[in-house]
Amino acid sequence: MEFDPHTDGILRGDREQSSRRLGDLMRAEARSSSTSTPLSEEALISEFGASRNAIRAALGALQKQGVVSRRRGIGTTINRHWDWSDLAELRGLSESAGAFGGRVTNRVLVADVVSAPLAISASLNLPTRSPVLLVERIRILDGLPFSLDTSYFNAGLAHGLLDCALENDDLVVLLEDSLGLELGGADLVIESAIAGDALAGQLHVSPGDPILSVDRILRLSDGSVLALEFLRLRGDRAAMTGHSDRGTHPRRPASATTTPDGNAAYAAPVTTESTKEEA
C-alpha cells in the first residue's frame with residue numbers, strides 16, 4: 001500500500017474520533033502559543049488535511065474545554081491566560097504566570113490560628129490539636145478565579161506568616177523573603193476531580209465541572225514538614241508539565257511467557273554439566 005501524505009492523515013474513522021485527535025493536536029499547539037491572532041479555518045484545514053466540518057467540530061470541543069474562545073466578528077483565538085506549571089520546580093502562581101504576562105491577585109478568605117485534627121497534625125508531624133496556621137485564598141489570574149488554595153502551616157516554623165500581606169504575593173515568596181525560611185521541595189498528589197457546589201461558587205464554574213486537585217506537602221531544606229496544602233484549580237485554566245526519565249530497572253527476560261490468567265511466567269535458566277568418562 002502506497003503512502004499519500006495528503007490523504008493518509010490522522011483524521012480517519014468517524015467524525016467524533018477524528019475531531020478528538022484533531023483536538024489533541026490543537027490543544028498541544030495552544031501550550032506553546034501566546035498569540036491572540038484569530039485562528040484561520042483555512043490554515044487549519046491545510047495543516048491537518050481535515051474537512052471544514054471536522055475543524056469546526058474540534059474547535060467547538062476545545063471551546064467547551066476552555067482552550068479557545070469563539071466570538072462573533074473576531075473569530076477563534078487561543079486563550080492565553082492558561083498557567084503551565086513545571087512539576088520539576090517549586091514555584092508560586094505569580095512566578096509562573098508572570099513569565100506569560102499574567103497578572104495574579106489574591107482574595108483572602110481565612111487567615112487564622114486553628115486546632116489541628118489528626119489528619120493535619122499527622123502530616124505536619126505535630127501532636128493532635130496543636131495550633132496551626134490556616135490560610136485560605138482565592139487565586140485570581142487576569143481577573144478570573146484560577147484556584148482555591150487551603151494551606152495549613154506548622155505554627156512554630158511559619159511564625160509571623162499571618163502578619164504578612166497575604167493578598168499581595170505567593171506564599172512561597174512570603175515564606176522566603178519575609179520570614180527568611182529556606183524551602184526545599186514538595187511532595188505532590190495530583191488527581192482529576194469535579195467541582196461541588198461550594199467550590200463551584202468560589203471558582204465561578206458550574207457544579208460538576210472539571211477540577212485539577214493538587215495535595216501538597218511543603219518541606220524546608222532540612223526536610224522538615226512546613227505545610228499541608230490543598231490546591232483546587234479550574235480544569236479549564238490549568239495544566240502541569242513535567243519530565244520523566246526511563247532510568248534503570250530490571251528488564252523482563254526474553255524467555256518470559258504469559259500464563260492463562262494473564263500473568264508473566266519466567267522460565268528458570270537451565271544449566272547442564274557435561275561429564276567425560278576417562279578411558
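**View 1. Confidence along the predicted protein chain.** The protein chain has a mean pLDDT of 80 (the predictor's confidence in each residue, from 0 to 100). Of its residues, 74% reach 70 or more. Among the elements, helix H6 (residues 171-178) has the highest mean pLDDT, 95, and strand S12 (residues 264-265) the lowest, 50. Over residues 266-279 the pLDDT is below 50. Beyond near neighbours in sequence, this stretch has four contacts in the model (heavy atoms within 4.5 Å). Where pLDDT is low, the predicted coordinates should not be read in detail. Helices (H or I, at least four residues) and strands (E, at least two) are DSSP runs, numbered from the N terminus.

**View 2. Strand S5 and its two partners.** In strand S5 (residues 131-141), 10 of the 11 residues are buried (under 20% relative accessible area, 1.4 Å probe, protein chains only), so the strand is largely enclosed by the rest of the structure. Strands pair if DSSP finds at least two bridges between them. S5 runs antiparallel to strand S4 (residues 104-115), with 11 bridges. Here arginine 107 faces isoleucine 138 of S5. S5 also runs antiparallel to strand S6 (residues 144-154), joined by 10 bridges. Glutamate 136 stands opposite threonine 150 in S6.

**View 3. The hairpin of S5 and S6.** Two residues lie between the strands. Aspartate 142 takes a positive phi near 50°.

**View 4. Alanine 54 in helix H3.** Helix H3 spans residues 52-65 and includes alanine 54. This alanine counts as buried because its relative accessibility is 7%. Alanine 54 and arginine 20 are 34 residues apart in sequence. Their C-alpha atoms are 9.4 Å apart in space.

**Notes.** Residues are numbered from 1 along each chain as its sequence is written. In this predicted model, local features need pLDDT of at least 70, side-chain atom pairs count only at pLDDT 80 or more, totals for chains, interfaces and linings use all residues, and side-chain values use heavy atoms, with hydrogens and water left out.

Notes
Buried means under 20% relative accessible area, exposed over 50%, partly exposed in between (1.4 Å probe, protein chains only).
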